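Trainee: I would like a close look at one part of this model, namely a single charged side chain and its surroundings. Please take it step by step.

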Amino acid sequence: MAVKGLGELDQTYDGSKLKIGILHARWNKKIIDSLVEGCYKKLLSMGVKEENIIIETVPGSFELPYGAKAMLKKHNLDAVIPIGVLIKGSTMHFEYICDSVTKGLMNLQLESGYPVIFGVLTCLTEEQAEARSGLIPGKMHNHGEDWGACAVEMAIKYKDFVTKSL
């Protein structure tokens, strides 16, 4: 992985027994599509079976916490990766949505006992988002890859601690 990613894993994880969800917002489609693709490919490379990768959408990033909770319950997942892109505009909307989504996803993770990976880019410019999604060659890597690797690692490392309380 390139520029400031997770780096090399400290061990190899076999995701072949995992069921992982990718839930993505539909705003900023070009960037989202790249992040989802990077995440999906990383999950496959870590052994997660194609039929055990469930992909669903919600309208926007604000809907990610609720959608992730529903997805965990509906599909009996081992982890979920909510993916969204928030780009600052000229109003306070960006700050409110970033704060709400971040707290919502963290609360879901802590209350449900499932790994909920924070796959939301919060960028000041569209160029920053494109760089972090791998769309600008040589600038940065695709953060979706990191999120896929993180989901597998967390689901395997902490499988015995999952409370299954949804």
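What relative accessibility does aspartate 78 have, and does it count as buried or exposed?

Mentor: This is a predicted model, in which local features need pLDDT of at least 70 and side-chain atom pairs count only at pLDDT 80 or more, while totals for chains, interfaces and linings use all residues. Residues are numbered from 1 along each chain as its sequence is written, and side-chain values use heavy atoms, with hydrogens and water left out.

Aspartate 78 has 11% relative accessibility, so it counts as buried (buried is under 20% relative accessible area, exposed is over 50%, and partly exposed lies in between, with a 1.4 Å probe and protein chains only). Its partner is lysine 159: the two form a salt bridge, with the closest N and O atoms 2.8 Å apart (the term needs a side-chain nitrogen of Lys or Arg within 4 Å of a carboxyl oxygen of Asp or Glu). Aspartate 78 sits in the loop between α2 (64–75) and β3, and lysine 159 in the segment after α5 (143–157), so the bridge ties together parts 81 residues apart in sequence. Helices (H or I, at least four residues) and strands (E, at least two) are DSSP runs numbered from the N terminus. The lysine end of the pair is partly exposed, because lysine 159 has 41% relative accessibility.

In general, side chains of opposite charge can pair when their charged atoms come close. The rule gives nine salt bridges in this model, and two others are useful beside the one at aspartate 78.

One of them joins lysine 157 to glutamate 153, with 2.8 Å from N to O. Both residues belong to helix α5 and are four residues apart, about one turn of the helix. Here too the acidic residue counts as buried, since glutamate 153 has 16% relative accessibility. Lysine 157 is partly exposed, with a relative accessible area of 36%.

The other pairs lysine 88 with glutamate 95, at 2.7 Å from N to O. In this bridge lysine 88 counts as partly exposed at 31% relative accessibility. Glutamate 95 is also partly exposed, its relative accessible area being 28%.

To return to your residue: aspartate 78 is buried, and its salt bridge is with lysine 159.
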